[in-house]
Amino acid sequence: MASLSLNQIRVGNPAGELMTRPAGLRTQKSRSKVGFLRVVAEAGAGSKVDPDLSVTVNGLHMPNPFVIGSGPPGTNYTVMKRAFDEGWGAVIAKTVSLDAAKVINVTPRYARLRVGANGSTKGQVIGWENIELISDRPLETMLKEFKQLKEEYPDRILIASIMEEYNKAAWEELIDRVEQTGVDALEINFSCPHGMPERRMGAAVGQDCDLLEEVCGWINAKATVPVWAKMTPNITDIAEPARVSLRSGCEGIAAINTIMSVMGINLKTLRPEPCVEGYSTPGGYSSKAVHPIALGKVMSIAKMMKAEFNDEKYSLSGIGGVETGDDAAEFILLGANTVQVCTGVMMHGYGLVKQLCEELKDFMRMHNFSSIEDFRGASLEYFTTHTDLVRRQREAIEQRKATKKGLQSDKDWTGDGFVKESESMVSN
Ligand SMILES: Cc1cc2nc3c(=O)[nH]c(=O)nc-3n(C[C@H](O)[C@H](O)[C@H](O)COP(=O)(O)O)c2cc1C
């Protein structure tokens, strides 16, 4: 996990040379790295340098870090081809298993949360629940399409998402058949929260570290391409299965899959949504509303990876509620190498990638970052314990006493100066 060094921040020159921080800045605003970056940003605003969005992850080169997340946007040849044509950095296909005949979907299988009252049909969609299963298309058909895509787009990255039952021979057969199509990597779906766990698949494995270790062992003994383990957030400490997956030979972690949810109850019919013949089942929550939760999970995985697997050979893919370049920048600032988008594509279409790239470049220009590595992981070190926040605050208050900035105690609030006193304690 690369992190930015205080004295070695690349400042956007085309050659990517390292620039040493000017000594004068040290005493002014550069108490923190963020403070310094702001200074550089001001100095470099309006830079003409075109930032380089390309990334190389586990040896796989992508034109940008934006990856189609496994789901409807990667269900068949036509849509995956469209994703490549529009410029996505990589495509992860909808999860496949050996026997698609066992996968029986229902309709409706989606329900949306809008800003507004219960059942509102207006307002921005911020949450999306699905009770969709993995691919219900025959494996043979999906494999033929992977092969065709790799023949037509040999330089683009196609990743197969796979899932099987608790059966070593089944995993080995699936890996063998999928690899023969020429896919570049495998993402293992240890995380689907609905339907599949009833068959001891998906989250049923991702939530049980003993099972996970055993299955990862089978997979990594067989696979000859990089393997990413996709994590479920429906667990107390997501860093634990991530650690087990990396120790068991996986090259990367992808997080998060959807969050177990009940979208809502129709207050007229008293039936839950999405309603299938009057009944429902808890599903997986995605879209904008999950973004802060995903950031929290990615942060804890990234911290663990930095502490225990600080090696370029491991990668992290951030997923959850990405709709803008800024959303993506947040994942990268926490240490993600790539960023996946699923529901965002379902809502805005494949052309979204162009906007994502432009917005991410705008962010990079603002800070004079010339490459993704220039800022990957840069915000990670600003997470600490609450006890440490209290200590830092106590020390800062001591220092500010001289200038009387902010209030020392609740007894200091006054009626007349109340608004100014509130303002004095706001951070931005
Ligand atoms: C309708 C739907 C189907 C999905 N199917 C899969 C799947 O087959 N395999 C998988 O690993 N993740 C699947 N996901 C999860 C997404 O890949 C992603 O992890 C999650 O939705 C969070 O990202 P997002 O907010 O960008 O959608 C699905 C998500 C949705 C909304």
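**Reading a predicted model, from one residue to the ligand shell**

Biologist: Where along the chain should one place Thr324?

Modeller: Thr324 sits in the loop that links strand S17 (315-319) to helix H10 (325-333). Please keep in mind that this is a predicted model.

Biologist: How many C-beta neighbours does Thr324 have inside 10 Å, and how is the residue classed?

Modeller: The general idea is to count neighbours: a residue is buried at 20 or more and exposed at 12 or fewer. Thr324 has 18 C-beta neighbours inside 10 Å, and therefore counts as partly exposed. Its C-alpha atom is separated by 5.4 Å from that of Leu356, although the two residues are 32 positions apart along the chain.

Biologist: What can be said of Met260, and in which strand is it found?

Modeller: Met260 belongs to strand S13 (residues 259-261). The count is read as before: Met260 counts as partly exposed because it has 17 C-beta neighbours inside 10 Å. Leaving aside residues up to four places away in sequence, Met260 touches Pro193, Asn234, Pro282 and Gly284. One of these, Asn234, is 26 residues from Met260 in sequence and 6.5 Å away in space, C-alpha to C-alpha.

Biologist: What share of the contacts in the chain with a separation of 6 or more joins residues 24 or more positions apart?

Modeller: For the chain as a whole, that share is 71%. Buried residues account for 43% of the 428 residues, and the secondary structure consists of 14 helices and 18 strands.

Biologist: How does one read a pair of helices, and at what angle do the axes of H3 and H4 cross?

Modeller: One takes the angle, then the handedness, then the residues that meet. The axes of helix H3 (residues 77-86) and helix H4 (residues 139-152) come within 10 Å and cross at roughly 25 degrees. An angle under 35 degrees counts as roughly parallel, so H3 is roughly parallel to H4. The crossing of H3 with H4 is right-handed. Tyr77, Met80 and Lys81 of H3 make the contact with Glu145, Gln148 and Leu149 of H4. By class, these residues are three nonpolar, one polar and two charged.

Biologist: At what angle do helices H8 and H9 pack?

Modeller: Helix H8 (residues 239-247) packs on helix H9 (residues 291-308) at about 40 degrees, the axes being 9 Å apart. That angle makes H8 oblique to H9. Their crossing is right-handed. From H8 come Ala239, Ala242 and Arg243, and from H9 come Ser300, Ile301, Met304 and Glu308. This contact contains four nonpolar, one polar and two charged residues.

Biologist: Which residues of H5 and H7 meet?

Modeller: Lys168, Trp171, Glu172 and Ile175 in H5 meet Val215, Trp218, Ile219 and Lys222 in H7. The classes in this contact are five nonpolar, no polar and three charged. Helix H5 (residues 168-179) and helix H7 (residues 209-222) pack at about 35 degrees, with axes 10 Å apart, and H5 passes H7 in a right-handed crossing.

Biologist: Finally, how many residues surround the ligand, and which are the closest?

Modeller: One reads a ligand site by listing its neighbours, then asking which elements supply them. Here 27 residues surround the ligand, and the closest are Gly69, Gly71, Ser286, Cys342 and Thr343. Strand S8 (125-130) and helix H11 (343-348) are the elements that give two or more residues to this shell. By class, the shell holds nine nonpolar, 15 polar and three charged residues.

Definitions and conventions
Residues are numbered from 1 along each chain as its sequence is written. This is a predicted model: local features need pLDDT of at least 70, side-chain atom pairs count only at pLDDT 80 or more; totals for chains, interfaces and linings use all residues. Axes are lines fitted to C-alpha atoms, for helices over the stretch in contact, and angles run from 0 to 180 degrees between N-to-C directions. Helices (H or I, at least four residues) and strands (E, at least two) are DSSP runs, numbered from the N terminus. Angles under 35 degrees count as roughly parallel, over 145 as roughly antiparallel, 65 to 115 as roughly perpendicular and the rest as oblique. A crossing is left-handed if the near helix is turned anticlockwise from the far one by less than a right angle, and right-handed if clockwise. Two residues are in contact if their C-beta atoms, placed from the backbone, lie within 7 Å. Ala, Val, Leu, Ile, Met, Phe, Trp, Tyr, Cys and Pro count as nonpolar, Asp, Glu, Lys and Arg as charged, and the others, Gly among them, as polar. A residue is near a molecule or strand if its C-beta atom, placed from the backbone, lies within 6 Å of it.
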